[in-house]
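I opened this notebook to record what I looked up, one entry at a time. The structure comes first, then my notes.

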Amino acid sequence: MRSYLFFVAGFIAAIGDATPVNQPEPGAVEFAPRKVVEGKCITVDNTRAVDGICYENYEARSGWVGNCDPDPYKIFKSPTEPSSPTSGYNLHPKFSKAHHQSIASLKQAAEAKCPICAAVAAVLPPEPISLLPDRSATGFHISKDENKFGIRIFVNLNNSTPSVVFNAVQVEGGRGNHDDELEGLDLCHRWVSDCLRSETPEHHTPCRNHRTRSQAALRRPSRLVELRREGDDGQLSYTVRQYLPGQEPSPYPLYSTVSYPGWTGNLGVAREFEPENVGSWASASQLPARLRQAAQISFDAGVPCLWIPKLCADHTEDPMTTAHVFAGGAFHIAAMACAKPSDPLLPPSRELSKMPIVRPQWAPQQALAIYRSEGFENSVTGSPLWDSALFYQATLLSPATLYCGKDQLWWQCYHGRGALCSEALAVTGSHCRSIDNQEGVLGQLELPKPYSREYHKSYANFDPQPSVSSSEAGLSNHADFRGFESPQKCLAAMWTQIISAYTMIGTRTLEERAAVIDGIAECVPLLATPWAADLFGSLEYAHGCWSSDLVEQLAWHPVCDYDVENRPTLPYRNHATPTWSWLSLPGRVSFKFPISTSPGTFSTCMRPGGIFLSPIAKARFSTAEERSASGVGTTSSVRATGSLVPARVEVLAEEPDVPALHLEGLGRGCVEWDCRDELDRALGRKEGKGGDTYCAWPIYAHHYKDREVLGARGVLLRRIQKDQCQVFVRCGWFEYQDQVKSRVLEKIVDFRQDEAYKEEFTII
C-alpha cells in the first residue's frame, strides 16, 4: 500500500541441484562444492568457506535443506568490485546477467527454503508462465552506490519483467552472530529497554524528551492494568486500577499501550471486567495470548502498567482522549498478526525473514548482511489494524512502536529520525549508521523515504537531530526544522503529509474522521520541543488545518476511483463542515506541490529546497467580525487573497458527463470536482445551476520562460454572494497549462507585487 524504497543493496542465490547457467568467467576462482554439516557451510574437504557466499548458521536455524553448489556464488564471485552505474542500464533486464536457467530451478530453490529465491518466486504470475526466448528464466544486476551494494533480480517473462531488489549493510566485526538472544521476546526487551534507559547519553534523547513532556502536559488514562510478579515461581499477575478525576497518583505510573485487530469497534469496557471487578488480582495466564505476551514485554522492560482497549477504556473516552493516552505511553505494542484473541503476538510457526551473510570475492574480509526493507509492507501493512484510524493515531503519537508482524518484529522510535528496525537484520548483530551519523538501533534500516507514512515520527516533535544533550531531558530550547526555512514551513510539510496518509484510512463516520485528527492536532503542540511549542501558542487550528501556511493546506484535491465507463465515483459532501476543509469529504485527498524547473511536474509532499514553487495566494481564518459581515451565518470561514480568474462551466455534447472548464483569457482548463453534489449542479441535475458563477483561484502559478508556458493550479470556486463581501464555496481543483498572453500572465503571477491585481474574498 505504501512502498517508496531506495534500493541500496542485495543478493540472490540458487540452491539444490540447479545446473550452472554460464561457464566460469576467465580467471574466475572456482569454488569447491559445499554441503551443510551441523549447520555450517563447508567445502567437501570440511574446511570453512573463506570467500564467495557464506550462509553462516542460517541453514540450521531456518530449516534450509539445499546444498551449496557453486552456482549460488555466481553473483558475488567476480574479483572486480562493482562500480557506480553511470546510466540506468542496471534497471533494464536486457543487460542483466544470467541467474536461473529455468523456472523449475527457481522454484526448487524456493521450496528448499532459500530466502532469496523464495522472494523472487513470490513475484511469479500464475501458471502457465511464458518466458522470453534465448534468455535465462532470471537475470541479475549488481551495482554500487557510494559504499552500498544493490542487486536487482529480473524474471524474464514475455508480457512483463517483474523484479526484486535486495539490500545489504556491512556487518560489524566481519560476520553476523545470528544470536538467539537477538530475536523474539528477547529482542523486544532489548529494543524497549535501550529506548527507555539508553546507556549512551546522546542516544534516544528525542524519545526521552517526548516522555518527559507527556508527563506534564497530557491527560492521563482513567484505568490501567497494573502488573506484578507473585510467588516463588514469579508468575505474572494483573489487576485493573481505576483513577478518579483529581485523585491520580503523582508521578503517574509509566504505562505502555497495546492494539490489535477488532479493538476499535467498541472502546467500552468488556463485560467480564466491569467496575466491581476492579482491584482484584488475577493470574496473567487468564488473559488472551496476545495480551499475556504484551504484559510480559511491558513488565520485563520495566514498565509496570498496560493500557488495553476494551479493558481500560471508559465508555466516555473518545478519539480526543485516546490521542492523549497513546501520546502519554512509554511505547506502543501492535499485534498486527492476531486474527483472534487466542493468537499470540509472535506466531510460533512464523518463518523469520533472516538473510544470509555474503562475503564477496572482491573483498573476502567484508561481510554484508542481506535484507529487504520493503518486507515491512508484507509483514505489517496487510493487517486490518493498519487501516484503522485510531491505530494511525496511536503509531503517530506514541514515542515508539513495536510492530509484531506475521513473520518478524519491527521497532520504530525517534532515534535515527524514525527509521524502522528489522528483526531479520537485528539477528546479524548489525548497527548501521543512521541518517544523522549516529549509531543506529540494533537492526535499524536506513531511512530512504522520510516522507511516507511510516516516518512522520521522524520530525513530529521538532527535536534536533542529532539530539542536543541537556542536563534534564525535555529542557532543550533547540529545534530542528528538517531543512525548511521556518518552523511554519516544517509544520505545513508535516501536516499535509499527515492529511494525505490519514485520508487513505477509512473511518466509520465523518465525526470519527474529524475527532481522530483533532486529537492528533491537540497533542502535537504538547509534545513539541519548547521552542516549537511557543510557535503553536500563536496558531489557530480548525477543521483539520493550522493557521500557519494555511493556503498550502487548502491546496488539496480529491482522489477518487473510476467506474467501468471511466467516470469518477465522487462522494457526497458533509454540509456540516466548511467546503474549504478536506474534512468535508469522506474519501482520500492528496497534494500536488509543483516545481519550478519543468511544467506539469510536481511532488505529493513538500520538501526543503529551492525548486518548489511558493504559493502566489494567501489565506487565513476569518475573524468573528468578518464572519458576521459576510452574512452567511457560518462559524468558520477562510479569508483568501489572490487573483480570481472568471471561469465558465458548460456541458458539451461530446462529453455529457464531464463539464468543460473555460478560464477567461486563458482557454480550457481541467477540473477535478470535489463531490457529487457540485458535479450534478454543474451538469444541471440540481436546482440552481442557471445562475451559478465560477472563479478559479490560482494557488500556484509559474511562467516557464524558456517555453513561454504558464502553469497554474488551484481551487475552483462557486460564488454564493455577489456583494462587496464576495463569498464562495469550494467546488473542485483546477489545473491549467498552455501559452498565454502577457496581460493575463501579469494578473495571475504578479499580483503579489501589484496591489491592483489583489482581490479579497471569503470561502465558507
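In which strand does Thr138 lie? I looked this up and found Thr138 in strand S5. I noted that I am working from a predicted model.

**Entry: Thr138**

I asked next whether Thr138 is buried or exposed. The relative accessible area of Thr138 is 0%, and anything under 20% counts as buried, so Thr138 is buried. I then looked for polar partners. A polar atom of the Thr138 side chain lies 2.8 Å from the backbone nitrogen of His100. I also listed contacts, leaving out residues up to four places away in sequence. Thr138 touches His100 in this list too, along with Lys97, Ala98 and His99. The other residues it touches are Leu106, Val120, Ile153, Phe154, Val155 and Asn156.

**Entry: salt bridges**

How many salt bridges does a search of the whole structure find? I wrote down 20. I reminded myself that side chains of opposite charge can pair when their charged atoms come close. I then took some of the pairs in turn.

**Entry: Glu127 and Lys107**

I looked up the salt bridge between Glu127 and Lys107, where the closest N and O atoms are 2.4 Å apart. Glu127 sits in the loop between helix H3 (115-121) and strand S5 (138-145), while Lys107 sits in helix H2 (residues 103-111), so this pair ties together parts that are 20 residues apart in sequence. I checked both ends for exposure. Glu127 has a relative accessible area of 54% and is exposed. Lys107 is partly exposed, at 28% relative accessibility.

**Entry: Arg620 and Glu626**

I found another salt bridge between the side chains of Arg620 and Glu626, at 2.6 Å from N to O. Arg620 has a relative accessible area of 34%, which I entered as partly exposed. Glu626 is partly exposed as well, at 24% relative accessibility.

**Entry: Arg718 and Glu678**

Which residue forms a salt bridge with Arg718, with the closest N and O atoms 2.8 Å apart? I found Glu678. Arg718 is in strand S33 (residues 709-721) and Glu678 is in helix H16 (residues 676-682), so the pair ties together parts that are 40 residues apart in sequence. I noted that Arg718 and Glu678 are both buried. I then followed shared partners from this pair. Salt bridges join Arg718 and Glu678 with Arg573, Asp674 and Arg730 into one network.

Notes:
Residues are numbered from 1 along each chain as its sequence is written. This is a predicted model: local features need pLDDT of at least 70, side-chain atom pairs count only at pLDDT 80 or more; totals for chains, interfaces and linings use all residues. Side-chain values use heavy atoms; hydrogens and water are left out. A salt bridge is a side-chain nitrogen of Lys or Arg within 4 Å of a carboxyl oxygen of Asp or Glu. Helices (H or I, at least four residues) and strands (E, at least two) are DSSP runs, numbered from the N terminus. Buried means under 20% relative accessible area, exposed over 50%, partly exposed in between (1.4 Å probe, protein chains only). A polar contact is a pair of N or O atoms within 3.5 Å; within protein, one must be able to donate a hydrogen and the other to accept it, and residues adjacent in sequence count only if both atoms are side-chain atoms. Contact means heavy atoms within 4.5 Å.
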